[in-house]
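Here's a quick briefing to read alongside the coordinates. Have a look at the fold below, then go through the notes by topic.

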Amino acid sequence: MAKRVEDRNIGEAVPTRSGEPAAKPRRFTLAELLVGAEHLPKLHAALKGALDGPSIGAELG
């Protein structure tokens, strides 16, 4: 006999069955992918100085 959901342990997988097939992954248009790209050069310039400092750990470089 199957356990009721309330009796399950937290984090335990709950099997479900759907009558619908799994949804296809969404495909994005180029316009959707480029939203916000105009801000990248400014962001890159702001972070450039952070890459100039000395290594402080076991970074590869």
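First, a cut-off to keep handy: a residue counts as buried under 20% relative accessible area, as exposed over 50%, and as partly exposed in between. Glu-32 has 34% relative accessibility, so it lands in the partly exposed class. Keep in mind that this is a predicted model.

**Overall picture**

- The protein has two helices and zero strands.
- Just 2% of its 61 residues count as buried.
- About 6600 Å² of the protein is exposed, and 61% of that comes from carbon and sulfur atoms.

**Glu-32 and its partners**

- Glu-32 sits in helix 1, the helix that covers residues 30–33.
- Leaving aside residues up to four places away in sequence, Glu-32 touches Arg-26 and Arg-27.
- With Arg-26 there's also a polar contact, side chain to side chain, at 2.9 Å.
- That pair of side chains, Glu-32 and Arg-26, meets in a salt bridge, with 2.9 Å from N to O.
- How many salt bridges does the structure hold? The count is one.
- Is Arg-26 buried or exposed? Its relative accessible area is 51%, and the exposed class starts over 50%, so Arg-26 counts as exposed.
- The two ends of the bridge therefore carry separate labels: Arg-26 is exposed, whereas Glu-32 is partly exposed.

**The nonpolar patch**

- Which residues make the nonpolar surface patch? They are Phe-28, Leu-30, Leu-33 and Leu-34, and the patch measures about 450 Å².
- One of these patch residues, Leu-30, lies in helix 1.
- Leu-30 has 61% relative accessibility, which is over the 50% cut-off, so it counts as exposed.
- Helix 1 thus holds both Leu-30 and the salt-bridging Glu-32.

How values were computed:
Residues are numbered from 1 along each chain as its sequence is written. This is a predicted model: local features need pLDDT of at least 70, side-chain atom pairs count only at pLDDT 80 or more; totals for chains, interfaces and linings use all residues. Side-chain values use heavy atoms; hydrogens and water are left out. Helices (H or I, at least four residues) and strands (E, at least two) are DSSP runs, numbered from the N terminus. Buried means under 20% relative accessible area, exposed over 50%, partly exposed in between (1.4 Å probe, protein chains only). Accessible areas come from the Shrake-Rupley method with a 1.4 Å probe; for residues, only the protein chains shown count as cover. Patches are made of residues with over 30% relative accessible area and no salt bridge: like charges are joined within 9 Å, nonpolar side chains (Val, Leu, Ile, Met, Phe, Trp, Tyr) within 5 Å. A salt bridge is a side-chain nitrogen of Lys or Arg within 4 Å of a carboxyl oxygen of Asp or Glu. Contact means heavy atoms within 4.5 Å. A polar contact is a pair of N or O atoms within 3.5 Å; within protein, one must be able to donate a hydrogen and the other to accept it, and residues adjacent in sequence count only if both atoms are side-chain atoms.
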